[in-house]
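Please take me through this structure in the viewer, saying at each stop what to select and what is found there. I would like the whole chain to come before the details.

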Amino acid sequence: MATPAGPIPDVRPDLAGQVAVITGSTRGIGLASAHRLVAAGAQVVLNSRTGADESDSLGSFPPDAPVAFCASDVSTVAGAEHLAHFAQERFGRIDLLVNNASPGVKVDFFDRLTPEDWRWTIDGKMFTTINCIHAVLPMMKVQERGCIINIVSDAARVGTAGESMVSAAYGGVIALTKSLAREFARHQIRMNCVSITLTTDTPAYERIIADEVRSKIFTKIASKMPFGVLDPDDTAQAVEYFALARRVTGQTLSVNSGLSFPG
Ligand SMILES: NC(=O)c1ccc[n+]([C@@H]2O[C@H](COP(=O)([O-])OP(=O)(O)OC[C@H]3O[C@@H](n4cnc5c(N)ncnc54)[C@H](OP(=O)(O)O)[C@@H]3O)[C@@H](O)[C@H]2O)c1
């Protein structure tokens, strides 16, 4: 006989009491994610390399919001560890890690990229994530609880001309996510990816619309998005979903306004 389903809880799940660290969160998608998580009850640590946008980003929250800022370059192991220690000292634990930091993107054909370009992209888009996962795992293991969300790009899922190294870096992050989701499930640590495409109100978008040729290509692509071009809150909504989900791990969710259906 099938087990009858239990009652559906009438209380909206929330993140009250949970501590989230979001790398690269002084603007764009990281900051939008911070707003979603704070609204859901989390205490949040914002981060960027220099702190140039610290006061603007902190100032976008109400004065009593449980938000702190830590300047740290997470493309280094020491920088990621510094961020994790800061969060632990300030809030006592880390329940959620959102790996969003990225130094930008150099779009060009592979045979025109230099070895320095390859390393810059892999360091900025893959090692930032590896370093931070490594820095928070010991704490999450002790807590026997944790959720890690990696922001990646659909360039890794469907391939995008001019973004070969982005594809390589984020393809690595997607593969890593699956393996670590298996390894750390026994500690009740979940790990997922949100895979996105070009998003308004970000430097990447500004760069594209400022360039006549790329802007034309993008207008064509945008016409294939039946739900309109993404904004930072679209990704933040998916981040909130993974943060609240109880039994979802090892997955990659594409948020791309119907542009493609990666398998
Ligand atoms: N925007 C898009 O259209 C798009 C498309 C596909 C995927 N994505 C991905 O989505 C994520 C967010 O993109 P975004 O456009 O919102 O980025 P963004 O506006 O350029 O913001 C990136 C953030 O990361 C920080 N940062 C960069 N390198 C860092 C490092 N080594 N350590 C700590 N912080 C660092 C930046 O601050 P500082 O520079 O002051 O350090 C900033 O706060 C990225 O992973 C990106 O690859 C974006």
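The tour below goes from the whole chain to the ligand, then to the core, one helix and a few single residues.

Begin with the full protein chain shown as a cartoon, keeping in mind that this is a predicted model. The secondary structure to colour comes to 9 helices and 7 strands, and the C-alpha trace spans about 55 × 50 × 35 Å along its principal axes. A compact globule of 263 residues would have a radius of gyration near 18 Å, and the value for this chain, 18 Å, agrees with that. If you colour by burial, 41% of the 263 residues count as buried. Contacts also reach far along the sequence, for among those between residues at least 6 apart, 72% join residues at least 24 apart.

Next, select the ligand together with the shell of 34 residues around it, in which Gly-24, Gly-28, Ser-48, Arg-49 and Thr-202 come nearest. By type, this shell divides into 11 nonpolar, 18 polar and 5 charged residues. To see which parts of the fold contribute, highlight helix H1 (28–39), strand S2 (43–48), helix H4 (115–143), strand S5 (146–153) and helix H7 (203–210), each of which supplies at least two residues of the shell.

Now hide the ligand and turn to the largest nonpolar core, which holds 61 residues; those touching the most other members are Ala-20, Val-44, Leu-83, Ile-94 and Val-136. Helix H4 gives the most to this core, with 8 residues. For a closer view, centre on Ala-20, which, leaving aside its neighbours within four places in sequence, is in contact with Leu-37, Ala-42, Val-44, Asp-95, Leu-96 and Val-98.

The following selection is helix H6, residues 164–184, whose 21 residues reach 30 Å from the first C-alpha to the last, close to the 30 Å expected at 1.5 Å a residue. Which residues of H6 are buried? Show Met-165, Val-166, Ser-167, Ala-169, Tyr-170, Val-173 and Thr-177, which are the buried ones. In reading such a list, it helps to recall that an α-helix has 3.6 residues a turn, so residues three or four places apart point the same way. The buried residues of H6 pack against H4, S5, helix H5 (155–158) and strand S6 (189–196), which can be displayed together with H6.

From there, move to Gly-146 in strand S5. Is Gly-146 buried or exposed? Gly-146 counts as buried because 23 other C-beta atoms lie within 10 Å, where 20 or more are needed. Not counting residues up to four places away in sequence, Gly-146 touches Asp-95, Met-140 and Ile-189. A distance label drawn from the C-alpha atom of Gly-146 to that of Ala-245, 99 residues apart along the chain, should read 12 Å.

The last stops concern backbone geometry. Most residues other than glycine have a negative phi, and most peptide bonds are trans. Select Gln-188, in the loop between H6 and S6, where phi is near 60°, a positive value in a residue other than glycine. Gln-188 is partly exposed, with 15 other C-beta atoms within 10 Å. Then select Asp-201, in the loop between S6 and H7; the phi of Asp-201 is likewise positive, near 60°. With 15 other C-beta atoms within 10 Å, Asp-201 is partly exposed.

Methods: Residues numbered from 1 in each chain as written. Predicted model: local features only at pLDDT ≥ 70, side-chain atom pairs only at ≥ 80, totals over all residues. Near = placed C-beta within 6 Å. Helix = DSSP H or I, 4+ residues; strand = E, 2+ residues; numbered from the N terminus. Nonpolar A, V, L, I, M, F, W, Y, C, P; charged D, E, K, R; others polar. Expected span 1.5 Å × (residues − 1). Buried ≥ 20, exposed ≤ 12 C-beta atoms within 10 Å, placed from the backbone. Contact = placed C-beta atoms within 7 Å. Core = buried A, V, L, I, M, F, W, Y, C linked by C-beta atoms within 7 Å. Rg over C-alpha atoms; globule rule 2.2 N^0.38 Å.
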